[in-house]
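Welcome to my notebook. I sat down with this structure and wrote down what I looked up, entry by entry.

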Amino acid sequence: MLATGHSIELNDKGIDIVNNSFNDYYRNTRYIPFMKIIETIKKYKLNSCLDIATASGHFVYLARKNDINCFGSDLMILDKDKDLFKQQFDIDCLFTLDLNQLHKTNLTYDVITNFHLTHVFDESAFKQLLEVMSNISSYAILHISKNNIKLLNNCNFIKLIEII
């Protein structure tokens, strides 16, 4: 279930993000960590956020419920998921974006988040992603491998604030 999360998959598993109805696995691996990240974003007084590889946008949903101006992008966004945000927040918060095209956008955010993708990047791909992200955001909250944590200490354009 690590990289799944579009609304159809979630509904099939009995997970309802609007009504906060989750099984224990989802609560422990998604909801609780998402809320910890939201607390961190608020602690640093960051206002705008882009969640890459957002799937159904559950993190975006929780962030918006906590007054963070958050958007989500993925290779595929379901109309059902987009409609949920239009109904709940009166705004289209989800959009399609190939991560390879991120450097071509004119987007800027206070923080970029990713929970399901960046932990599998090798060192060179991860460094390239960091360089691209540093052009559109001042902060990033990423799920990364232990080897890439070591890489962060050697990047002259990155300042590691904390490891959660």
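My entries below go through a helix pair, some aromatic rings, a few backbone angles and one threonine.

**Entry 1: what kind of model**

I noted at the start that this is a predicted model.

**Entry 2: two helices that pack**

I began with a general reminder to myself: two packed helices are described by the angle between their axes and the distance between the axes. How far apart are the axes of helix H2 and helix H3, and at what angle do the helices pack? I found helix H2 (residues 24–43) and helix H3 (residues 58–65) with their axes 10 Å apart, at an angle of about 45 degrees. Angles from 65 to 115 degrees would count as roughly perpendicular and those under 35 as roughly parallel, and H2 and H3 are therefore oblique to each other. I also looked up the hand of the crossing of H2 and H3, and it is right-handed.

Next I listed who makes the contact. From H2 come Tyr26, Tyr31, Phe34, Met35, Ile37, Ile38 and Ile41, and from H3 come His58, Phe59, Leu62 and Ala63. I sorted the residues of this contact by type: ten are nonpolar, one is polar and none is charged.

**Entry 3: how covered is H3?**

Staying with H3, I checked its exposure and found the helix mostly covered, with seven of its eight residues buried. I wrote the buried ones down: His58, Phe59, Val60, Tyr61, Leu62, Ala63 and Arg64. What do the buried residues of H3 pack against? My list reads H2, E1, strand E2 (69–74), H4, E3 and E4.

**Entry 4: aromatic rings**

I searched the whole structure for aromatic pairs and got eight. I picked out Phe34 and Phe115: the ring centres are 5.0 Å apart and the planes lie at 45 degrees, so I call this pair tilted. Phe34 sits in helix H2, while Phe115 belongs to the loop between strand E4 (109–114) and helix H5 (123–134). The two are 81 residues apart, so the pair links distant parts of the chain.

Are Phe34 and Phe115 buried or exposed? Phe34 counts as buried at 5% relative accessibility, and Phe115 is buried too, with a relative accessible area of 14%. I then saw that Phe34, Phe59 and Phe115 form one aromatic cluster. Two of these names were already in my H2 and H3 contact list, Phe34 and Phe59.

**Entry 5: positive phi angles**

Another general reminder: most residues other than glycine have a negative phi. Which residue in the loop between strand E1 (48–52) and H3 caught my eye? It was Ala55, which is not a glycine and yet has a positive phi of about 60 degrees. Ala55 counts as buried, at 8% relative accessibility.

Asp90 also has a positive phi of about 60 degrees without being a glycine. I located Asp90 in the loop between helix H4 (79–89) and strand E3 (94–96). Asp90 is exposed, with a relative accessible area of 70%. One more went into the margin: Asp67, just after H3, takes a positive phi of about 65 degrees.

**Entry 6: a threonine in H2**

Last, I returned to H2 to look at Thr40, which lies in that helix. Thr40 counts as buried at 11% relative accessibility. Which residues is Thr40 in contact with, leaving aside its neighbours within four places in sequence? I found Ile141, Glu162 and Ile164.

Conventions. Residues are numbered from 1 along each chain as its sequence is written. This is a predicted model: local features need pLDDT of at least 70, side-chain atom pairs count only at pLDDT 80 or more; totals for chains, interfaces and linings use all residues. Side-chain values use heavy atoms; hydrogens and water are left out. Axes are lines fitted to C-alpha atoms, for helices over the stretch in contact, and angles run from 0 to 180 degrees between N-to-C directions. Helices (H or I, at least four residues) and strands (E, at least two) are DSSP runs, numbered from the N terminus. Angles under 35 degrees count as roughly parallel, over 145 as roughly antiparallel, 65 to 115 as roughly perpendicular and the rest as oblique. A crossing is left-handed if the near helix is turned anticlockwise from the far one by less than a right angle, and right-handed if clockwise. Contact means heavy atoms within 4.5 Å. Ala, Val, Leu, Ile, Met, Phe, Trp, Tyr, Cys and Pro count as nonpolar, Asp, Glu, Lys and Arg as charged, and the others, Gly among them, as polar. Rings of Phe, Tyr and Trp (its six-membered ring) pair if their centres lie within 6.5 Å; planes under 30 degrees apart count as stacked, over 60 as edge-to-face and the rest as tilted. Buried means under 20% relative accessible area, exposed over 50%, partly exposed in between (1.4 Å probe, protein chains only).
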